[in-house]
Amino acid sequence: MRPSETEPDFIELDRVSKRFPGSQQPGLKPTTLTIENGKFITVLGSSGSGKTTLLKLINRLHEPSSGEIRIQGRNIATTSAIELRRHIGYVIQQVGLFPHMTVEQNIAIVPEILGWTKRQIVQRVDELLTLVELSPHEFRKRYPGQLSGGQQQRVGLARALAGDPSILLMDEPFGAIDTLTRSKLQMELLEIQRKLKKTIIFVTHDISEALKLGDQVIVMHNGQVQQYDTPAKLLSEPANEFVRTFLDADAPYQQLEYMPIRHLITYRAEEVERNVPRIQENQSMKDALALMLDSPYNYVAVEDHRRRFLGIITLESLKAARRKWPTVGVS
Amino acid sequence: MLKPRISQTGKRACIFLACGLLFYGLGKWYLLRNTAPADLTIGSKNFTESKLLGEMYALTLEKNGFHVSRKFNLGGTMIAHAALQKGEIDLYPEYTGTGLITILKLSPVHQPDIRQNPENTLNILNREYAKRWDLRWLTPSLANDSQGLVITSATANQYDLHTISRLAALPNRFILAAIPEFVDREDGLPGLQRTYPQLSFTRVQQYDNGLKYRILLNRNADVTVAFTTDGALTDPRLTLLEDDRHFWPEYRIAPVIRQTILRQYPVIEGILNRLSAQLTTESMRQLNAAVDLKKQDYQTVARHFLKNRRII
Amino acid sequence: MFSYALHHHQELLRALIEHIELSVTALFIAFSIALPLGYSLSKSPRLSNTVVGLFSMLYAIPSLGLLALLVPVFGLGNVSAIIALVLYAQFILVRNTILGFRSVSPTMVEVGKGMGLSAFQLFRQVEFPLALPTIIGGLRVATASTIGIASLAAWINAGGLGAILFDGIYQNHIPKMLWGSLLITALGLSLELMLLDLQKSAQSEIHTTT
């Protein structure tokens, strides 16, 4: 029933290109890359860079003009596109919840099509609503029209995960959300990824979002992949002039600004003293440094989006990170 | 719990559908229960006299044991004729003059022998009808429902106007209230104007047959077209102009019937001929008056007439 | 007034049944054509304008004129009447069907496709329910107009309440005129109310907040 979670599930693009003759839509130049199982990949670029085109080739909303896409070694063009999409989660910026269905009914769509039993589906709905931090009892029977933007996107995410796909495609999902809620949602997404280990491909034009969330980032421009690397490598070793200027990689503390601290956390069970400055896990090294400058401590406490204590980051770890810059974030 | 198979709207639609079907089914059942299958279908055109005749034919045949279905109110001569040809009706009341001029398109002006000898009319009718459509004209009655022009008696007195020639000669401008088919038929305005060359009207307006006398009496028109058996002609306020040049031929009433039915039930001929013998121009006028002026319904009037003449 | 109805209830009932048969048959056929036609046309804006334009020209032809054109080909009676009624209804039904499906936001369709809904599933679960209120709105107008035009069917021997009405006019017979009009109105009104209820129900199921 549910796809096995132990099979390696990577995505290969083999000289894939896409042309839109006579149309405004951005094309894709021949591209070859591999996406590893369980990784969070962000695709970064401005409008017209071809990032959405790349995304839509994976669930065959676009068909490639040339080349082959393989998932788990199988060419996706050989099986039915509809069957493929039922096993890939898809989240878009406008969310697109069906207004004539309740939250529950929206989420249940793919499982129903896949033939799950009613009991399995009900259980799954509860599971997913809890995962996206919406109380099932309260939200199950609500209609999308009664939800805020942030709540809608949470349901959108739950709906995309309903069929337990191994791959999740997200097209600027937080673009229409206010900054505060966006920050929260980003952290929640990270936590969900920690739990579920899905392969996520996340398209965005926001540099800080791309670097903060991605294990690896695909930087795109004019339909071509400029660089495909960890955030650290992008900042310290930009592959070409475009990447350098786009990320403003040379600015002295730019790297500090963009680098998330989560790779540097020393996790601790016991709480620290009350006076130790605290920051959130999705904040940057620059924020950590700034706090330390103004305090007698040379470490800060890190908490998650629910304000639970996770661990600490020391000045030493920051300095060490600077020294071994390009390898930060590579597991 | 989850998505129900049929939406709420769908359920309501089904309820409405069920109610509708129930109503329709009941109505249909009630109608069918009260109608035995018909032996033959009688038609009529859509004016009083035709329906009276149709009803009389029907009642007479019913009295003689036939199951009759009625298809009255056909929209005109050509429609009735087409229905007869197709077998949608088996029999309907027609006029000899109409058969000749409108259906066979033989103008009396070109067939002088018809005018002289009315018997020739019947021969020609039966010969052509049998040859072309396997139809038959039964014996015509004496009742002659010809056409004519009618004015108010006031106008007649004002202009000393009693014949159509005089009307044609008058320099005044008159408005004609025409009825359906009159402006097109050979035996209507075109033919009339050939016989009375100076006849012309300042304006010709088309009205339904049921409205024409009201229009005339309301002074909205000066002249209208009459059927000589119109019930309204019993009203002293109206004057029928004399057709002094004898433009109009006879229009005697007769049933036209499909030969197929006649061969199947030959008795019909005798039955209807006996009925036709009872009809005169004057009696038709009275019958029409009962319906049009005294507002009785035609079924009742027909029945009374037949009872009085002991046909039923 | 009432004695007429009493004595002639069978005639009135027959005319009513005939009128229902004509109108409902025509509407059923018209809708069966308009729904798939409207759905496919809604995907192509240029084609929809052409087709709707064509039907609007048909709609502009006076009813008796259209009947007169059909009779020589299809004969008197129900067939010609129903063909005429179906053709008239197309203009309204097709136009509203197209409108209804176009009103479904493309986001819904994209997301539906992306989730792996087949074309039929997408239609039945997403597009149709969302387009339904507008479609029923069109059906309401088409029903009213069909019942009205069906009154003319009496002219070509297709029966119906028009026969009673016109009889009354020719004979200057008030009860017939009144009963003819009354029954036509009653028929139209009851169908209108039912469809209105369905339209409201379909609209409320979409649960848009004000």
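Q: How many helices and strands does chain A have?
A: The model is predicted: local features need pLDDT of at least 70 and side-chain atom pairs pLDDT 80 or more, while totals for chains, interfaces and linings use all residues. Residues are numbered from 1 along each chain as its sequence is written, and chains are lettered from A and ligands numbered from 1 in the order in which they are written. Helices (H or I, at least four residues) and strands (E, at least two) are DSSP runs, numbered from the N terminus. Chain A has 13 helices and 14 strands.

Q: What is the radius of gyration of chain A?
A: The globule rule, 2.2 Å times the number of residues to the power 0.38, gives 20 Å for the 331 residues of chain A. The value taken over C-alpha atoms is close to this, so chain A is as compact as a globular protein of that length, with a radius of gyration of 21 Å.

Q: What percentage of the residues of chain A count as buried?
A: A residue is buried if 20 or more other C-beta atoms, placed from the backbone, lie within 10 Å of its own, exposed if 12 or fewer, and partly exposed in between. Of the 331 residues of chain A, the buried portion is 43%.

Q: Which strands stand at the edges of the open sheet of four strands in chain A?
A: Strands pair if DSSP finds at least two bridges between them. The order in this mixed sheet of chain A is β11-β14-β13-β12. Two strands of chain A have a single partner each, so one side of each is left without a neighbour in the sheet: β11 (266-267) and β12 (278-280).

Q: Which residue is the bridge partner of A:A301?
A: Strand β13 (residues 299-303) of chain A runs antiparallel to β14 (residues 309-314) of chain A, and five bridges join them. In β14(A), the partner of A:A301 is A:I312.

Q: How many residues of strand β3 of chain B are buried?
A: From β3(B), B:L91, B:P93 and B:Y95 point one way and B:Y92 and B:E94 the other, and all are buried. Strand β3 (residues 91-95) of chain B is therefore largely enclosed by the rest of the structure, its buried residues being five of the five.

Q: Which residue of β10(B) stands opposite B:L91?
A: β3(B) pairs with strand β10 (residues 253-258) of chain B in the antiparallel sense, over five bridges. Opposite B:L91 in β10(B) stands B:I257.

Q: How far apart in space are B:Q85 and B:I257, C-alpha to C-alpha?
A: B:Q85 lies in helix α3 (residues 77-86) of chain B. B:Q85 is partly exposed, because it has 14 other C-beta atoms within 10 Å. In sequence B:Q85 and B:I257 are 172 residues apart; in space the C-alpha to C-alpha distance is 9.7 Å.

Q: Which element gives the largest share of the side of domain 1 of chain B that touches domain 2 of chain B?
A: An automatic or database domain assignment gives chain B domain 1 (40-144 + 252-308) and domain 2 (147-240). Their contact (C-beta atoms, placed from the backbone, within 7 Å) takes 18 residues from domain 1 of chain B and 15 residues from domain 2 of chain B. On the domain 1 side, α4 (96-103) and α13 (281-292) of chain B each give two or more residues. The largest share, seven residues, comes from α13(B).

Conventions
Two residues are in contact if their C-beta atoms, placed from the backbone, lie within 7 Å.
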